[in-house]
Each structure stands twice: as structure tokens, then as C-alpha cells.
Amino acid sequence: MTDNKIRGTLRSYLRWPLMLGILLIVMNIQIYTVSLRAGFIMSAYTAVYLLIALLLYHFKRRALLHDLIDYSMRFHVTVNTVASNLDLPIAVAGPDYRCIWENKQFRAKFSSSQRKRFHISSAIPAISESSFPDSTESTGEIHFHDEDVYYKVIIQRVDLEKAPEPARENAGELGLGDTLYALFVYDETEIVHYIRENYDQRLDVGLLYIDNYEESLAMVDDVRRSLLAALIDRKINKYMLNIDAITRKLEKDKYIFLFRHKFLSQLQSDKFALLDEVRNISVGEDVSVTISIGIGIQGDTFRKRQEYARSAIDLALARGGDQVVVKAKDNILYYGGKSIQKEKNTRVKARVKAHALRDSIEAADKVVIMGHTIPDVDAIGSAIGIYRITQVLGKPVRIVINQVTSSLAPLLELFRDNRDYPENLFVRSEEAREFIGGGSGVLLIVVDVNRPSYTDAPELLSLVSSLVVIDHHRQTGEFFENPTLSYVEPFASSSCEMVAEILQYAGDEIHLKAAEADALYAGIMVDTNNFMNKPGVRTFEAVAYLRRSGADILRIRKMFRSDLAEYRVRAEAIQNTQLFMNSFAIAPCNADNCASPTIVGAKIADDLLDINGMKATFVLTAYEGKIYISARSIDELNVQVVMEKLGGGGHISSAGAQLTDCTLHEAADKIRNILTKMKEEGDIE
């Protein structure tokens, strides 16, 4: 229904002549008071004016309306033509998000194959119903791309309730409801190009350290030493020239380099081939040079990127070296890490850390010692060693154990009901929280774990005033914030080995008791699988110290004998083992009837390594709603890399992970997919 009545300003404009006639009448009356003759003359002119005004209003009104309608139609056609032919794609959608109008550009680019009243998302899949704004005050903005063309869509809401009555009536007749959405599509390809170009031109900061510079050069004579150093330097500089990097040598074994961000993808595609190039330099028998690289990206400033690079190189060294760590604000990427870190013969670091640990304990009023969740013999053995230091220094101490497994129970029996040890030495997290109290002057010592989420009681971390971390696992992207002392040595066989070394330098008055020496010895023995996995010179030196302190191997062996039920579980798991790629063993472990299912899984993984041709083993154990994965290898696969892809970690030859909301079958498929991808990328030969 249409309404042709003249309204508003136009109606007032047409009536102005008549309204001026009233002014003339008033004027005429005043002239009569001055002169009757002049008043009669004025009345005649006024009458003529009013007559002409009435005739014009009556006869010209229809012609004026016709001209206005003609103008509005021509204006509407012009606007419609402009909108239809506009280079900017435009569409209008109804309240059901279906298109009711589109211009030529929109149809040509997005809806040429669509029928009438098509849903907007069928033309532009990036737009969903949640993309449309809820009110006229807000606008929707969506970015998407079609091949190499990038678009931005602005969606504006139009409420017809606020529109004039005819517009509402027409919309009602068409069944459009009270809401329309206008979509404007902008081509932002050029803007995206310049943004990317600007981003690619940003300088990333890298730090390169030679891991074993002094040890490698010490293996050659003086003549070859300078040649070897020059060869390493030449390979590094030549590699950096390929990415147009600015390289500067800070020290004899340390470099800093700056390069444009666009070259990072090139480095990632060749998986930082410099690692292999330097490692292949011949130094001597069983000796190779390795490097570590830390790269900082995505920082807003050069200083921030340098901080990221510093954190990345520290993480690369803490993980054992011979690898690259790329650190952004919210992400960390790892490359390399194929070689086993060589243990260092010098014990200077152990002596320095021992003195620092003693100072931290002396400064504390209370000490709490904690390992990882479901603690094993290595965690508790190293905690017992730390207990001896705190006891000699006269500090109250508690060891947190929330769950005692069958493999751990025999060790704890050495200290329970023993007059030399307090009854409340081992406590649960609730009791530890009461012992900590306000937290002032309380030192928390974390052993055998360097990930906060893996500790036995993560809630205790925020309650104490200072923190010490002692661990032998390679670090991951998760780490403790601002520890007072951090002693992480990936080349060490176990935390008990590290604590045994600390005990020798912590003070002459510190002497281990026989039960404590047994605990430390047992931790080393279990983590090295009876000295078959990662034992080094310093491992046997630590064992010799423990033997001198009273450790008895026969007593320890009797302590950790397995029962028949466990052997049956291990035999069943080995029988159900599946081979993948003819060299990887994946075995489900049904250890529901065992008191320590995760420990049994680790033993099975070690047993499977004795099979000829086995590169790595993966044992999956379901326990308490999680899937625990124990991964083992000798030297042909870095199982730490595999486990890190599942959120875990560990060592090159011994690692693990925990999966939630997952079945044994799904976990096995995830391992197969990772191994397949690694083989495709060349990480597995």
C-alpha cells in the first residue's frame, strides 16, 4: 500500500504563499488606520495576490507532485544502477540470512552458481550465523581468502522498526520481517601483501653456541686445532650467508646472528642442516662437534626477541644440545636433538650447585621435598638424599608422597618404624600444606621432575617462599618460574646420581646412613635398568661413593623382586605386542591387577628392547582414567621427540607421556601417525 499525501517540509513549502497572504491582510488593516484610500488600494492588491496563490496551490500542486515523483524515480534508478555496477560487492540478507538482493560484483565473484534466495554461507562459507551483529550499534567483520585473494566482509544490521511507515509496510508485504543485513565485501589482498612483506622483513634474533668446543679441541693436536676451529667457523658463516644473515662472533664458541623472518621457513624446511654439517666434522674417534641454536621471533621489540632467543638457547642446552629451539610469545618449536649428550668429566658445576643448595637450606626455616606424581624409586631415593642434608643442618623437613606403589613400598619400609627417622617424615599433600602454614621461610625442593604440572602436589608451588629444582630429564616448554636454584643435567643417569654427587660436596659433616645409601643406589639401578641404560663414568663414581656409605646390592635386589602376577602381566603384554614398520613395538598393558601399573609398563618397554632389530618400544597402560605411555630406545630413535608430540617428554632413550580422554587403541594410532609422519619427513631412516 502506498501513501501519496504530501508531508513534512514539502507541504510547508507549498503553503508558504498562503501564509504570507495572512501577513498582507494584517498589513492592510494597519494601512486602513492610516488612510482609507490607501487601504482600499492595498485590499485590491491583497485580493489579487490571494487569488493567484490559491490558484497556484490548487492547479500546480498536482504538476509539482508529478515532477517530484519523476525525479525520485530517476534518482532511484540512478542509485540502483550505481549500486548494481559498483566495483564493491554488496548484498542484502533477510532475517533468515538468505540473500534478497545482490549487485553484479557480488554475483560474479561469489554467487554465480547460486539460485535465488540462497543462504549467505553457501556463497561465502567463512560467514556463519554467529557472524551477523546483534544490534545496529555493532558490526560484524570476517576475513577470508579464496586462493590468493583475501577479503574482508563488513556486516551491518538495519532495523526496519526505525524506518518510515511505507518502508515498513513494503517490507511486511514482502515477508522480510523487521531486520535486514547489508554485506560489503572489500578486497584486502594488497593490504595483506604489504602486511606480510613488512612481517617478513622483521629481523629475528638467533644465538648459536658450540656445545663441546673445549672438549672437541682437546682431542686434537695443536696443528689441527686451529684448522678445526677455522673449519667450524667457515661452515657457520657460509650457512648464514645463504639467509643473508648478519653474524658476529661473541666468544670463541658463541655467535649471534640476525636475519629476516622470511628466511625462517627456509631454515625449517631443511631442518637446520647446519646441525648435521657441523656434527659431520671429523674430530676423533667417537667424538663430534655439536651446536645449539636459539631463535627468538614475534617479539614487538628487538630486546624482546633477544630475550626469546636467550630463553631458547638456554632451553636447547638444558635439553642436551645438538638442537634448535625457536621461541615465540606463545609457542616453542624443536628441531634436531638426535645425538646423546656426552657427560662432562668436570664436577665443578656439581660442587657449585651443592654449595648453593646448602646455602638455600640454611636460609630456610622449613624444608619440603617433593617428586613427580606417582613417585618412583629415583624420586624418593633422591628425596632421601636431600633429607640427609637438611637433617644435618637441623631444619624441619617433610617428604610429600600422595600415592605409594607396590614397587615403592619396600623402600619406604626401610624408614618407617625406624627410630632414626621421624614418624611424620612422609606426608600427603594435605599434611604438607599444614606444615607449610603461611609459607614464609619455607623452601620447596623438587626432585626428578622439571614440569610443574607433573609434580606430586602442584598446589604447593604457590605456597612457599623459595624453590629448588633438581632433575635429570630434558626440559620442555613448561618450566618453573623463578626458582632459587635450578640444577638440570640431561646427561645424568638419574636424580639419585646427581644427589649422590651433591652429598659429596655439601659438607664434610654429612654422612649417609646405610638405608639412605640403599635408597640412592636403588634409584640409580632402577633408572638405568640395572646399569644398561645411560650409565656413565660419573654414574659408577656415584655408585662407588654409595657403596662406601653402606649400600648393599643383595639387600636392594631382594627389595625389588617382582611377584608372579606381575610376570604374567608382562608376559601377556609381550605376547600382544604389535610391530610397526618392522622395527617399532607397540604393546597394550593390562595391569589392572598390579599395584604399580605404570612401573610394570616401564619394565615391559625395557624388556622389549632386548628383541633383535627393535629400534624403539612403546607400552600403553590404562590407569586412573589416563593412558600412560612408556617409550624406550637404544640409539636409533629419539623417543623424547615422539613423546613431546603427545605432550610428554624425557630423554633420547627413555621418555613417557600421559593422555586423557583417549583409549588404548586411539593412543596406539596416535603413535603410529607420529612415526609415519616422522618417516615421511626424514626423521626416521
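With which side chain does the side chain of His 119 make a polar contact? In this predicted model, the partner is the side chain of Ser 121, at 2.8 Å. The protein has 685 residues, of which 46% are buried, and its secondary structure comprises 23 helices and 25 strands. The points below begin with the whole protein, return to His 119, and then take up a sheet, two helices and one further residue.

**Whole protein**

- The accessible surface of the protein comes to about 35,900 Å², and 53% of that surface belongs to carbon and sulfur atoms.
- Of the contacts in the protein that link residues at least 6 apart in sequence, 65% join residues at least 24 apart.

**Surroundings of His 119**

- His 119 is found in the loop that runs between helix H3 (104-111) and helix H4 (120-123).
- The relative accessible area of His 119 is 17%, and because buried means under 20%, this loop residue counts as buried.
- When residues up to four places away in sequence are set aside, His 119 touches Asp 96, Tyr 97, Arg 98 and Glu 129.

**The five-stranded sheet and helix H3**

- An open sheet is formed by 5 strands in the order E2-E1-E5-E4-E3, with antiparallel pairing.
- Its edge strands are E2 (99-102) and E3 (139-146), each of which pairs on one side only.
- Neighbouring strands of this sheet are turned by 25° against each other on average, with direction ignored.
- Within the sheet, strand E4 (residues 149-159) and strand E5 (residues 179-187) run antiparallel and are joined by 9 bridges, and Arg 157 stands opposite Tyr 181 in E5.
- Helix H3 packs on the sheet, where it touches strand E1 (90-93) as well as E2, E3, E4 and E5, and the direction of H3 makes about 115° with that of E2.

**Helix H17**

- Helix H17 (residues 514-527) has 14 residues, which should span 20 Å at 1.5 Å a residue, so the 20 Å between its end C-alpha atoms agrees with the expected value.
- H17 is mostly covered, since 11 of its 14 residues are buried; among them are the acidic residues Glu 516 and Asp 518, together with Leu 520, Tyr 521, Ile 524 and Met 525.
- The cover over the buried residues of H17 includes helix H13 (377-392), helix H14 (409-412), helix H16 (495-505), helix H18 (537-548) and helix H19 (553-559).
- Just after H17, Asn 529 takes a positive phi of about 55°.

**Helix H11**

- Helix H11 (residues 302-318) contains 17 residues and reaches 24 Å from its first C-alpha to its last, which is close to the 24 Å expected at 1.5 Å a residue.
- The buried residues of H11 are Arg 305, Tyr 308, Ala 309, Ala 312, Ile 313, Leu 315, Ala 316 and Ala 318.
- Those buried residues of H11 pack against strands, namely E6 (203-210), E11 (291-296), E12 (323-327) and E13 (332-336).
- H11 is followed by Gly 320, which has a positive phi near 110°.

**Glu 430**

- Glu 430 has its place in helix H15 (residues 429-436).
- With a relative accessibility of 43%, Glu 430 counts as partly exposed, because this value lies between the 20% limit for buried and the 50% limit for exposed.
- Although Glu 430 and Asn 402 are 28 residues apart along the chain, their C-alpha atoms are separated by 9.2 Å.

Methods
Residues are numbered from 1 along each chain as its sequence is written. This is a predicted model: local features need pLDDT of at least 70, side-chain atom pairs count only at pLDDT 80 or more; totals for chains, interfaces and linings use all residues. Side-chain values use heavy atoms; hydrogens and water are left out. Helices (H or I, at least four residues) and strands (E, at least two) are DSSP runs, numbered from the N terminus. Buried means under 20% relative accessible area, exposed over 50%, partly exposed in between (1.4 Å probe, protein chains only). A polar contact is a pair of N or O atoms within 3.5 Å; within protein, one must be able to donate a hydrogen and the other to accept it, and residues adjacent in sequence count only if both atoms are side-chain atoms. Contact means heavy atoms within 4.5 Å. Accessible areas come from the Shrake-Rupley method with a 1.4 Å probe; for residues, only the protein chains shown count as cover. Two strands pair if DSSP finds at least two bridges between them. Axes are lines fitted to C-alpha atoms, for helices over the stretch in contact, and angles run from 0 to 180 degrees between N-to-C directions. The expected span of a helix is 1.5 Å times one less than its number of residues.
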